[in-house]
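Please load the model in your viewer and have the selection tool ready. We will walk through it stop by stop.

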Amino acid sequence: METRCEHCRQDCWVEDALAGEEVLCPWCERTFIAKEAEERLAGLRDLVESLLTEIQPEPATKGPEETQSVAARPARRRAKSRPQSRLVQHLLGLAFVSAVAVVVAIGVWMWAERRSSGWQAASMDPASANYVEWKADPSLVDQLGEFRGIDHFQFRPPKSFSRWTVLPDPGWLPRNGHYTGLRFQGSQGERAELYCSVVTFPPDSPMQGGLEHGLNRFYEWLGYHAAVGDLSRGDSELGVLNGRNCIRAAFFCRLRRRESLRGDAREGIVYVLIDQGRQITLYTLCDPQLQDEHNLMGASLLTWQEK
């Protein structure tokens, strides 16, 4: 679901199950309570009503003489004030309804822009595309956990990968773009990590090219990571992942560490999908000695699908 950080006012996506829970903002890296759109509108309604209450002046306390003089006012003046008070109430109600309508319209517009922005690559029929359809190893599926959601998609991380964090803006995000990222770690910590990211390109800087371009963008983005060095790219191949055209490749790199001169060796596999102005990137970073962990992460990525 989409929610808004109460600190930096940026929109971000979290799992539906985290509604009402404390989450970490990927923009300002501060925690806040994830609220659904209905709760945000209810909060806006309460805010408008409280502001209107503060604007209306409180009646002053009147003494006995003043009360008597008010009671003696002509009936025609009291009758004249009633239509005016009704008019004010109607205007205030109209202003509140208009404010709610504007908020809803902005939300609908943002959703439509996100769905239609950028280069669109419709998923092909596997038979017509003549691509191999990739499936997870059945012997490893039982070791995968429940589905986790990210943006409009979901997948099943390994059961042993209990730690997960929302990644902040990585720094290479396109101007006015939107980024959502998750990282999962297994029992070996940084020796076995699984990453998922969804980058939505803005209309003024649309995404260019197809799957090959998307794979090259991933390697370029990975190069922004100061700790990644000695990147070696393997051959790529095209296939179908749950009905969507996809490209995947193996790669090798080293993670620089203070206690290591050359850095720790890491091997990984990356899947890149294109979806209506979005680039979806799924990849792993694993110690070559942990082949069981690496195979399990590979099976996890092959469960990727739309919600």
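The tour visits cysteines, a pair of strands and a helix.

Before you click, note that this is a predicted model: local features need pLDDT of at least 70, side-chain atom pairs count only at pLDDT 80 or more, and totals for chains, interfaces and linings use all residues. Residues are numbered from 1 along each chain as its sequence is written, and side-chain values use heavy atoms, with hydrogens and water left out.

**Stop one: the cysteines.** Select Cys28 and Cys25. Why is there no bond between Cys28 and Cys25? The closest cysteine sulfur to that of Cys28 is in Cys25, 3.7 Å away, which is too far for a bond. A disulfide is a pair of cysteine sulfur atoms within 2.5 Å, and by this rule the count is 0 disulfides.

Now colour by accessibility: buried means under 20% relative accessible area, exposed over 50%, and partly exposed in between (1.4 Å probe, protein chains only). Cys28 is partly exposed at 22%, whereas Cys253 is buried at 0%.

**Stop two: the strands.** Helices (H or I, at least four residues) and strands (E, at least two) are DSSP runs, numbered from the N terminus. Select β14, residues 278-286, where 9 of 9 residues are buried. One side carries Arg278, Ile280, Leu282, Thr284 and Cys286, and the other carries Gln279, Thr281, Tyr283 and Leu285.

Add β10, residues 189-200, which pairs with β14 in the antiparallel sense over 9 bridges (pairing takes at least two DSSP bridges between two strands). Zoom in on Cys196, opposite Leu282 of β14.

**Stop three: a helix.** Finish with α7, residues 291-301, where 8 of 11 residues are buried, including His294, Met297 and Leu301.
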